[in-house]
Every structure is written in C-alpha cells, then in structure tokens.
Amino acid sequence: MVTAIRPLRPRPGPLASAPRFPAVRHLGPNWYACVMGTAVVASAGAGLPWRPPGLRTACAAVWALSLALLVTLLAVRALHWRHHHDQARAHLLDPAAAPFYGCLAMALLSVGGGALTVGRDWIGLPAAVALDTVLFGAGTAVGLAAAVAVPYLMAVRHQAGPGQAAPAWLLPLVAPMVSAALGPLLVPHLPAGQPRETLLAACLALFGASLLATLLTLPLILARLLTGDPLPPALTPTLFLVLGPLGQSTTAVGNFADAVPGRGAALLSVLYGVPVMGFALLWLASATAHVVRARRHGLRFSMTWWSFTFPVGTCVTGATALARHTGLACCAALALLLYAVLVVAWAVAAVGTVRGIAGGRLLAAPR
C-alpha cells in the first residue's frame, strides 16, 4: 500500500527586500584608476622642468580633485562590500578583475605623494606630511597584500594559461614600485639616523620586489602578443600599463638619488634610467600602433581608457628625474611632450567617464 502525503505549503514569509544601492553593484576596483590618473596629472605637472605661470595652481586644483575622488570612491566601495558582498567576492575570483585591486594601493599612494609635491600649497606642509604618512602606510600595506594575494589566487583559483597573459597582471606587482618611488619624499621629514635609513632601506626592498616580479611577468605578456591573437579592441589600451613599472622605476631611482648624498647615486640613476626610458619609448610606440589598429576595429570608450593616464604619467616623472640629474635639454623636452600627451589623455578619459556615468552605461552589468 502506498500512502500519499500531501506536501506542506510553505508559510508565507516577508518578501525578500531588494538589494540596497543597486547602482554600485558592478562598480569594481578598476575605478580607482580614475584617482591614479588624476593624481599623476597634478604631481607630474608640479615637477616639470619648465613651469609656466599658473601651472602649479592648476596642478593643486587637480590634486584636490583626486583627493575628493579618492574619498568618494572609498565610501562607495565600502557600500559595495557591505551590500553586494557576493559581487565583491566574484571580483576577487575573476582573473580579469582581481589584478585591479592593485589600483587601490596606487590610488592611495599617488594622492599621498601629491599632497607633498603640490597639495601642500593649499593644506600646508604639516597637514601634507601627515596625510602622506597615513596614505603611504595604508597604500604600501594594501600594495604588498595585493602583490601576494592576487598571484596566489591566480595560481590556485584562476588557473589562467600562458595564452591568457594580460598587461593587467602587472597592476598588483607595480604597486610596491609606487611605494618605492614616493617613499623618499618622506625621508627629509623624518628624524635623522635610523628612521631615515630604515625608510630608504624599505623602499629599496620594495623596488627590488616589484622589479624582479615585473621582469618575470613581462616576458609572458610579450610572448602572448607575439605568438597569439591581438588583444580584443576593448582591452588594447591596457598595453599602456606596461609603461607603469618602466617609468615608475626610473622615477624611483631618481628620487633615491635625491635622498642619498653623493654623485654615485645620481650616476646610478642615470645609468639605469636612460636605457629603461628608451625601452619605455619603444613600448609606447608599439602600444600606440596597437591602439590605432583597435580603433579601426571598433574600439569604443570604456574604463580601460584610463590606462592612457597613470602609466604615461610615470614616464613624465621618470623623464623629469633624468632631466634633473643629467641637465640634458632633450630629457626636459621629453618630459614636456609626454605631459602634453598625459593631459590630453586625462581629459578624454574624464569626459568619457562622465558621459558614461550620466548615460548609465559604465555602471550597468557587463554583457
């Protein structure tokens, strides 16, 4: 005999509440590139060999904008983690999105460094030192965490093949180099002796960690470009990310030379910086050719266009450091030319982002 049991009806419960702040659900860590790109316009412009009247004031205003963007994005990303934790976790487990967590570290560091280079004109030197100290410490900690966690996730969870190597893989690895480049700016504000020497030694260690990790990763990216298909048009602007460790390392050795007395450090910065900047210019030409090709194949504006800003900005500061230590007019001219490119790229990316937000396209779910 079979006894049929009537299934119990579930008791009606409260309706599932709609997720709060739906507009920020798909706002990923790549948005910190806006902060990086804006801050580098300010700091690179303030250090140029030739400074026309009004440039420093304009740079201070741009730095203030980068600070406002950083505070806003930190608040919005906090809402993202609080109310859309599932999506935030999905970003960490996504091999295309996880490397952009390095952008958070570089956003903190670039705004902090800008406070000392140009922001002090508006907030005063003591406040600038305090702000840079906090942001440098936080940015360095986040950068080291990203440099360890993201490659670990790539190894055990993402499991990307060599044919999937992408320039974005460099983002978490270059963050410690940004710390190495900006740390020497704090050295004169520390007590003489052990504090200054400790910070310089830490910056040298960060420099080595980032440089060696980059040298191990860059051949994978180059091999993918030479042996595989070209990058999709939407991802082609990320080729400019390779300029980041090149320009930032040149900036770092130049800032080391400024912090360490003697001609030896200055000579070393030139011997390192000139060939590295030469390769950076070669890569810039190649990446530009790829972008021109992608434009003919349907490249449209996306957040990847911010790749045109911060990496080029590091080349500006690198060329400026070389001009400072060599006295060569060609290095100064290169810095001015690259800065003009940077300003145009930043303006295009900023206008495109504002239009994308107004149209709801940049905050929508990816297709």
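## Helices, pockets and selected residues in a predicted model

Of the 17 residues of α10, 14 are buried, so this helix is largely enclosed by the rest of the structure. The model discussed here is a predicted one, and the description below moves from this helix to the second largest pocket, then to the cavity and some individual residues.

### Helix α10 and its contacts

Helix α10 covers residues 310-326, and its 17 residues reach 24 Å from the first C-alpha to the last, close to the 24 Å expected at 1.5 Å a residue. The helix is followed by Gly327, whose phi is positive, near 75°. Within α10 sits His325, which counts as buried because its relative accessibility is 18%, under the 20% that sets the limit for a buried residue. The side chain of His325 reaches the backbone oxygen of Gly254 at 3.1 Å. When neighbours within four places in sequence are left aside, His325 is in contact with Gly254, Ala257, Asp258, Ala266, Ser269 and Val270, so that Gly254 appears both as a partner of the side chain and in the wider list of contacts.

### The second largest pocket and helix α8

How much space lies in the second largest pocket? About 670 Å³ is found there, and the lining is made up of 31 residues, of which Ser43, Gly47, Thr117, Leu185 and Asn255 lie nearest the centre of the pocket. The elements that give two or more residues to this lining are α1 (32-46), α4 (101-123), α6 (171-182), α8 (243-259) and α10. By class, the lining of the second largest pocket divides into 13 nonpolar, 13 polar and 5 charged residues.

Asn255, one of the residues nearest the centre of that pocket, has its place in helix α8 and counts as buried because its relative accessibility is 11%. Leaving aside neighbours within four places in sequence, Asn255 is in contact with Ala181, Pro184 and Arg324. Helix α8 has 17 residues, which at 1.5 Å a residue should span 24 Å, and the end C-alpha atoms are indeed 24 Å apart, so the span agrees with expectation. Of these 17 residues 15 are buried, and α8 is therefore largely enclosed by the rest of the structure.

### The cavity

The structure holds 1 cavity of 30 Å³ or more, and about 30 Å³ of space lies in the largest cavity. Which residues line the largest cavity? They are Pro230, Leu231, Thr236, Leu239, His290, Arg293 and Ala294, and by class this lining has 4 nonpolar, 2 polar and 1 charged residues.

### Individual residues

The table collects the relative accessible area of residues from several parts of the chain, together with the element or loop that holds each.

| Residue | Place | Relative accessible area | State |
|---|---|---|---|
| His84 | loop between α2 (55-83) and α3 (85-92) | 0% | buried |
| His91 | helix α3 | 10% | buried |
| Leu206 | helix α7 | 11% | buried |
| Leu235 | loop between α7 (194-227) and α8 | 41% | partly exposed |

His84, at 0% relative accessibility, has a side chain that makes a polar contact with the side chain of Arg25 at 3.3 Å. Computed along the chain His84 and Pro53 are 31 residues apart, while in space they are 47 Å apart from C-alpha to C-alpha. 

His91, in helix α3, is in contact with Leu27, Gly28, Pro29, Arg77, His80, Ala97, Ala98 and Tyr101, again leaving aside neighbours within four places in sequence. His91 and Leu135 are 44 residues apart in sequence, and their C-alpha atoms are 24 Å apart in space. Leu135 also serves as a reference point for Leu235, since these two residues are 100 residues apart in sequence and 30 Å apart in space, C-alpha to C-alpha.

Is Leu206 buried or exposed? With a relative accessible area of 11%, Leu206 is buried, and, not counting residues up to four places away in sequence, Leu206 touches Thr140, Leu144, Pro176, Ser179 and Ala180. The C-alpha atoms of Leu206 and Asp132, which lie 74 residues apart along the chain, are separated by 18 Å.

Key: Residues numbered from 1 in each chain as written. Predicted model: local features only at pLDDT ≥ 70, side-chain atom pairs only at ≥ 80, totals over all residues. Heavy atoms only, no water. 1 Å grid on protein atoms, 1.4 Å probe; cavity = no way out; pocket = protein on both sides within 12 Å on 5 of 7 lines; lining within 4 Å. Points joined across faces, edges and corners; volume = space filled by probe spheres on them. Nonpolar A, V, L, I, M, F, W, Y, C, P; charged D, E, K, R; others polar. Helix = DSSP H or I, 4+ residues; strand = E, 2+ residues; numbered from the N terminus. Buried < 20%, exposed > 50% of the residue type's maximum accessible area, 1.4 Å probe, protein only. Polar contact = N/O pair within 3.5 Å; in protein donor to acceptor, adjacent residues only side chain to side chain. Expected span 1.5 Å × (residues − 1). Contact = heavy atoms within 4.5 Å.
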